[in-house]
Amino acid sequence: MTTGGRNQRAPGSLRLVATLAVAGLISGVAIIGIYESTLPTITANKARELRAAVFEVLPGVSRMQALVYRDGGLVAVPEPGEDEAVVYGGYDERSAFVGYAMPGAGPGFQDTIALLYGYRPDERLVVGMEILESRETPGLGDKIYKDAEFVAEFGALSVEPEIVAVRKGTGTAPNEVDAITGATISANAVVRIINETHAAWAGRLPPPGGEPAFVEPGPEGGTGR
Amino acid sequence: MKKNASYEEFVKGIWRDNPVFAQVLGMCPMLAVTNSAVNAIAMGMATMFVLVGSSFLVSTFRRVIPKQVRISCFIIVIATFVTIADYTLLALVPRVHKELGAFIPLIVANCLILGRQEAFASRYPTKLAVMDALGMACGFLVALFSLGAVREILGDGALFGIRLFGESFEPWVIMILPPGGFLTLGLILLFFNWFTQKKNDFLADVAGSEGRGG
């Protein structure tokens with residue numbers, strides 16, 4: 001059995017440092033290379049996913065733009081900053097405003113649940129909900145997005161005075177959601193996240209009819225991509 | 001003889017020295033991401049990429065790397081390959097990447113990989129090291145897949161997302177949950193050891209009767 005260079009004299013410290021430095025350098029170059037080359041695809045994937053989610057939670061929408069709250073009003077921005085709170089405005093083919101897609105996040109049973117819900121301010125209704133990220137228990141908590149019945153509960157849901165999760169089969173009022181048997185915490189978390197997000201934005205959304213108009217994207221692409 | 005050597009290095013990892021069933025290495029991803037067959041295969045492929053790449057480099061440069069800093073060098077090599085696998089999966093199959101989550105970066109800490117560098121790749125020529133890595137990775141893939149398939153079939157009534165049973169099938173949710181991983185792995189290890197013991201008994205038997213006969 002050969003043992004490579006194990007039996008030679010002990011190498012000097014300089015040699016050890018040099019070996020590690022070279023290894024680190026090559027590794028660094030390789031990592032930056034792969035990061036740079038995959039970044040465009042990863043960003044495009046994320047944008048496409050978000051776009052699909054916005055269209056999913058706001059029926060009848062075919063255009064969208066990102067909106068942020070600045071100087072006491074909502075403004076359309078093509079590239080929202082990293083730590084700015086964003087909602088997405090959904091517009092139909094004739095660029096008439098339909099509703100907001102509101103991203104929200106909060107603690108679930110295992111980890112943060114991130115979701116997007118569609119909100120129509122004229123009717124004060126939640127019209128759709130999609131879970132973007134969650135690590136809820138497979139088979140139980142993951143029903144918050146796998147159970148079509150539960151997701152459908154958010155199809156026309158009143159936010160007045162607030163959304164309440166009730167025991168399965170007992171929901172009758174327009175603001176009541178049937179919770180999931182065996183996954184009460186996850187279902188409650190979804191409801192709580194929507195309520196909290198709604199409360200956080202309630203004072204910042206303009207009165208119905210006053211929503212920012214759709215800004216046509218420039219020739220370079222831009223809005224909502 | 002020369003040809004047989006590399007073939008032997010490849011084959012040993014799949015069954016006799018299977019990293020999971022015989023060496024019981026790499027338990028963390030083994031139990032964590034095998035709740036569906038697709039996840040298991042994605043994890044197996046990512047591990048294979050990292051293991052083969054690292055073994056190739058470590059074996060090629062085994063005479064250049066001083067023994068005092070070998071572990072650090074191995075880790076740098078492994079971590080680089082893991083990062084490449086991480087970004088590649090994120091770009092190509094974001095859905096799978098989302099499911100595997102933290103366990104892709106954790107391949108760095110898979111003792112199977114560092115173990116092969118220390119025990120094999122740093123001592124043997126490149127060709128043998130690559131064959132050994134391929135064999136071990138295939139063995140790991142087989143083990144992950146067998147666990148993932150069993151758990152998905154019983155826990156979800158499906159394989160690769162295709163429903164196998166009718167509507168009346170009640171999924172054993174526990175099989176997808178962590179305890180299901182332990183149960184299934186325990187049973188598979190039991191079977192593997194039982195089989196190995198039977199085989200050894202049989203070989204001893206044959207040898208014994210031949211001894212008496214001759």
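Reader: What radius of gyration does chain A have, set against a compact globule of 225 residues?

Author: Chain A has 24 Å, where a compact globule of 225 residues would have near 17 Å. The radius is taken over C-alpha atoms, and the globule rule is 2.2 Å times the number of residues to the power 0.38. Along the principal axes, the C-alpha atoms of chain A fill a box of roughly 80 × 50 × 30 Å. This is a predicted model: local features need pLDDT of at least 70, side-chain atom pairs count only at pLDDT 80 or more, and totals for chains, interfaces and linings use all residues. Residues are numbered from 1 along each chain as its sequence is written, while chains are lettered from A and ligands numbered from 1 in the order in which they are written.

Reader: What makes a residue of chain A count as buried, and what percentage do?

Author: A residue is buried if 20 or more other C-beta atoms, placed from the backbone, lie within 10 Å of its own; exposed means 12 or fewer, and partly exposed is in between. By that count, 31% of the 225 residues of chain A are buried.

Reader: How many helices and strands are there in chain A?

Author: Chain A has four helices and nine strands. These are DSSP runs, numbered from the N terminus: H or I of at least four residues for helices, E of at least two for strands.

Reader: How many residues does each chain bring to the contact?

Author: Chain A and chain B bring 26 residues each. Two residues are in contact if their C-beta atoms, placed from the backbone, lie within 7 Å. On the side of chain B that touches chain A, H4(B) gives the most, with ten residues.
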